[in-house]
Structure formats: C-alpha cells, structure tokens
Amino acid sequence: MITPKPVMDKLAELNQLCEKFPLKIPLIDCAAFLGMEAESLRACLERGSCPFGLGWIKKNAHNRAFYIPTPTFYLWYTQCAGFREGTA
C-alpha cells in the first residue's frame, strides 16, 4: 500500500513541529497544525475533551493556561504508530 502524498506531507509537517517545539507545543501553533481556530482549541482543552493537552484557569487570576506536551501530541496524532516505528 502506498501512503498518499497529502498524508506524508502532514506527517512531515508534524515532524517539523515536534523538532521546533521538543517539549511543549504552543497552543497557536498546535491549532494551526490542526487547521482550527485557537479559541476552539482553547475551549476543547478547558473542557477536557482533548486527550493530548490540558487547560485550566490560573488560581487567583482571571486568565487561562494551556499545556500541550509534544510527545503526547505526537503519539495521539500518529495513534502511537510513530512509537512503533522500527520495531518488529
């Protein structure tokens, strides 16, 4: 089976994102990669409906915080296929 070029292009984009942000991915960059508005991703993270990141309201403050760990996002996006690469 041949992997379609658009899929390969998106995986290459994912690899670039992970290399640029090896520990955590900024929310705006993650939203752009997913092709969604940043505010929509913020809402998903705050509600706990994104399995790859966290969102919360900071204690004694009125602003929000978000955290998207790079390894978690990568493994979610690839359904852990990237982790299995090279194993037999």
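This report describes one helix, a group of salt bridges and a loop in a predicted model.

Residues are numbered from 1 along each chain as its sequence is written, and side-chain values use heavy atoms, with hydrogens and water left out. Because the model is predicted, local features need pLDDT of at least 70 and side-chain atom pairs count only at pLDDT 80 or more, whereas totals for chains, interfaces and linings use all residues.

## Helix α1

Helices (H or I, at least four residues) and strands (E, at least two) are DSSP runs, numbered from the N terminus. Helix α1 covers residues 5-20, and its 16 residues reach 22 Å from the first C-alpha to the last, close to the 22 Å expected at 1.5 Å a residue; the expected span is 1.5 Å times one less than the number of residues.

For accessibility, buried means under 20% relative accessible area, exposed over 50%, and partly exposed in between, with a 1.4 Å probe and protein chains only. The buried residues of α1 are L14, L17 and C18. They lie on the same side of α1 because they cover an arc of only 95° around the axis, the arc being that of the directions from the helix axis to the C-beta atoms. These buried residues pack against α2 (27-34) and α4 (70-77), where contact means heavy atoms within 4.5 Å. On the face of α1 turned away from its buried side are the exposed residues K5, Q16, E19 and K20.

## Salt bridges

Side chains of opposite charge can pair when their charged atoms come close. A salt bridge is here a side-chain nitrogen of Lys or Arg within 4 Å of a carboxyl oxygen of Asp or Glu, and a search of the whole structure finds five of them. The table gives three, including one in α1.

| Pair | Closest N to O distance |
|---|---|
| D9 and K5 | 2.9 Å |
| R42 and E39 | 3.3 Å |
| E39 and R64 | 3.2 Å |

D9 and K5 both lie in helix α1, four residues apart, which is about one turn of the helix. D9 is partly exposed at 39% relative accessibility, while K5 is exposed, with a relative accessible area of 58%.

R42 and E39 are three residues apart in helix α3 (residues 38-47), and are therefore separated by about one helical turn. An α-helix has 3.6 residues a turn, so residues three or four places apart point the same way. E39 counts as partly exposed, at 43% relative accessibility.

The salt bridge of E39 with R64 links distant parts of the chain, since E39 is in helix α3 and R64 in strand β2 (residues 64-67), 25 residues apart. R64 is also partly exposed, at 35% relative accessibility. Through salt bridges that share partners, E39, R42, E46 and R64 are joined into one network.

## The loop between α4 and α5

T78 lies in the loop between α4 and α5, and at 13% relative accessibility T78 counts as buried. A polar atom of the T78 side chain lies 2.9 Å from the backbone oxygen of Y74. Leaving aside neighbours within four places in sequence, T78 is in contact with L11 and L14, and L14 is one of the buried residues of α1.

Q79 is in the loop between α4 and α5 (81-84), and counts as exposed at 56% relative accessibility. Most residues other than glycine have a negative phi. The phi of Q79, however, is near 55°, a positive value in a residue other than glycine.

Key: A polar contact is a pair of N or O atoms within 3.5 Å; within protein, one must be able to donate a hydrogen and the other to accept it, and residues adjacent in sequence count only if both atoms are side-chain atoms.
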